[in-house]
Structure formats: structure tokens, C-alpha cells
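Please find below a short note on the model that accompanies it. The points proceed from the whole chain to particular helix pairs.

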Amino acid sequence: EIKDALAYMRLVSSRDSDPSFERVVNLPPRGIGARTLEHIREIARAESLSMWQAARASLDRGMLSARASGAVGGFLELIDRSAIEVEDRTLSVISECVLEKSGLMAHYQKDNSERAQGRVENLRELVTAADNFSPVEPDEESLNVLALFLTDAALEAGEGRAEEWEDCVQLMSLLAAKGLECRL
């Protein structure tokens with residue numbers, strides 16, 4: 001749930017994050033099927049586009065069925081609207097807006113199981129973390145605070161971290177690094 005929320009936030013910040021696109025394009029379920037996603041992947045590969053650009057191109061060229069066009073178009077519009085709504089907002093407002101607009105919070109609140117309620121609490125904790133975030137980057141005026149938060153959140157998610165006074169090296173797998181890439 002936290003990784004899903006971060007993926008939504010990453011897409012709002014930068015549309016060309018393929019791992020984020022793949023993670024949340026159909027979460028909560030929007031009716032975007034495996035065949036539609038495979039078509040978008042093929043366009044992305046063939047034309048050296050991001051998944052976002054390939055989805056947009058597929059819509060613009062009328063390459064998707066009416067149902068798939070509606071679902072993909074709705075998702076792209078959701079992310080675009082969210083980006084406009086959070087422009088020049090505080091990090092906590094951005095995180096709250098993304099959780100609400102994406103439908104993630106509502107998706108987990110529907111389920112009354114203990115596990116789902118734990119996920120809701122985790123998402124609320126993410127908003128609190130965003131509210132308490134203060135970048136330590138020396139040149140923070142020139143950097144996007146949301147991008148700094150996303151990077152920090154991904155790195156902070158590492159398990160088994162050492163205490164400040166301990167010398168250590170933290171390793172991460174490629175799977176754990178998924179979504180940390182940056183496009184300049």
C-alpha cells in the first residue's frame with residue numbers, strides 16, 4: 001500500500017516512470033486488462049516511449065477498444081488532474097490528495113479485514129510522514145520537494161538499517177530499487 005501510494009505520487013511528479021505506471025495503472029481495478037497493458041508495452045518498446053507516452057499515443061491514434069480507451073483515458077486524466085490540483089501545495093496536501101483521487105484509501109477502507117485496516121493506517125502514516133518531512137538537501141530551493149520526499153521515502157523503506165553511530169553499507173536488490181530511477 002505504501003509503495004502503491006508512492007508510485008501514484010511519483011506519476012503525479014513525473015509521468016515517465018514506467019515501474020510506477022505499471023504498478024498503479026489498474027489499482028484499484030479500473031478495467032485495464034492484461035491485453036491492453038501488453039499493447040501499451042509493445043508500443044513503448046517499438047517507439048522508445050515511456051508507458052505513459054505509449055498509452056497517450058494509443059489513445060490519440062484510436063488503437064484501443066472503446067472500453068479500454070475509456071479506462072486508460074480515465075487513468076491518464078486522473079493523474080493529470082491530480083498534478084494540477086497539487087501544484088504549489090504542501091507535501092501533506094499532495095499526499096492526501098493523491099490518496100483520495102487515486103481511490104487507494106477508499107479501496108482499502110471498503111475491506112473491513114484487519115489487514116486492510118492496517119493498510120489504511122499505513123497510508124495515514126504516509127501523510128504524517130509527508131507532513132513532517134523537511135529536506136536536508138543543501139540546494140532545496142531548486143529541487144522539487146515531492147521528488148526529494150519520494151527518494152527519501154524509498155530509501156527509508158530499507159530494512160535492517162544501522163544506527164547513526166555504526167559504520168555500515170546498505171545493499172538493495174534491483175527489485176527493491178524498482179521505481180527509484182530518474183529521468184532527466
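What percentage of the 184 residues in the protein chain do buried residues make up?

1. Overall burial. The model under review is a predicted one. In it, 38% of the 184 residues of the protein chain are buried.

2. Composition. The protein chain contains ten helices and zero strands. Read from the N terminus on, its elements therefore appear as α-α-α-α-α-α-α-α-α-α. Among the contacts with a separation of 6 or more, 56% join residues that lie 24 or more positions apart.

3. The nonpolar core. In soluble globular proteins, nonpolar side chains tend to be buried together. Here the largest nonpolar core has 50 residues, and M9, F21 and F75 have the most contacts inside it. Helix 5, residues 66–86, gives the most to this core, with nine residues.

4. Surroundings of F75. Which residues does F75 touch, not counting residues up to four places away in sequence? The residues touched by F75 on that basis are Y8, L11, F21, V24, V25, R30, I32 and W52. F21 thus recurs here, having been listed with F75 among the residues with the most contacts inside the core.

5. Helix 1 against helix 6. Two packed helices are described by the angle between their axes and the distance between the axes. For helix 1 (residues 2–13) and helix 6, the angle is about 105° and the axes are 10 Å apart. Helix 1 is therefore roughly perpendicular to helix 6, because angles of 65 to 115 degrees are classed in this way. On the side of helix 1 the contact is made by A5, Y8, M9 and V12, and on the side of helix 6 by I94, S95, V98, L99 and S102. These residues divide into seven nonpolar, two polar and no charged.

6. Helix 6 against helix 8. The axes of helix 6 (residues 91–102) and helix 8 (residues 114–132) come within 7 Å and cross at roughly 155°. Helix 6 is therefore roughly antiparallel to helix 8, because the class applies to angles over 145 degrees. The crossing of helix 6 past helix 8 is right-handed. Helix 6 makes this contact through L91, S92, S95, E96 and L99, while helix 8 makes it through L123, V127, A130 and D131. The residues of this contact comprise five nonpolar, two polar and two charged.

7. Residues in both contacts. S95 and L99 of helix 6 take part in the contact with helix 1, and S95 and L99 also take part in the contact with helix 8.

Methods: Residues numbered from 1 in each chain as written. Predicted model: local features only at pLDDT ≥ 70, side-chain atom pairs only at ≥ 80, totals over all residues. Heavy atoms only, no water. Axes fitted to C-alpha atoms, helices over the stretch in contact; angles between N-to-C directions. Helix = DSSP H or I, 4+ residues; strand = E, 2+ residues; numbered from the N terminus. Parallel < 35°, antiparallel > 145°, perpendicular 65-115°, else oblique. Left-handed = near helix turned anticlockwise from the far one by under 90°. Contact = heavy atoms within 4.5 Å. Nonpolar A, V, L, I, M, F, W, Y, C, P; charged D, E, K, R; others polar. Core = buried A, V, L, I, M, F, W, Y, C linked by side-chain atoms within 4.5 Å. Buried < 20%, exposed > 50% of the residue type's maximum accessible area, 1.4 Å probe, protein only.
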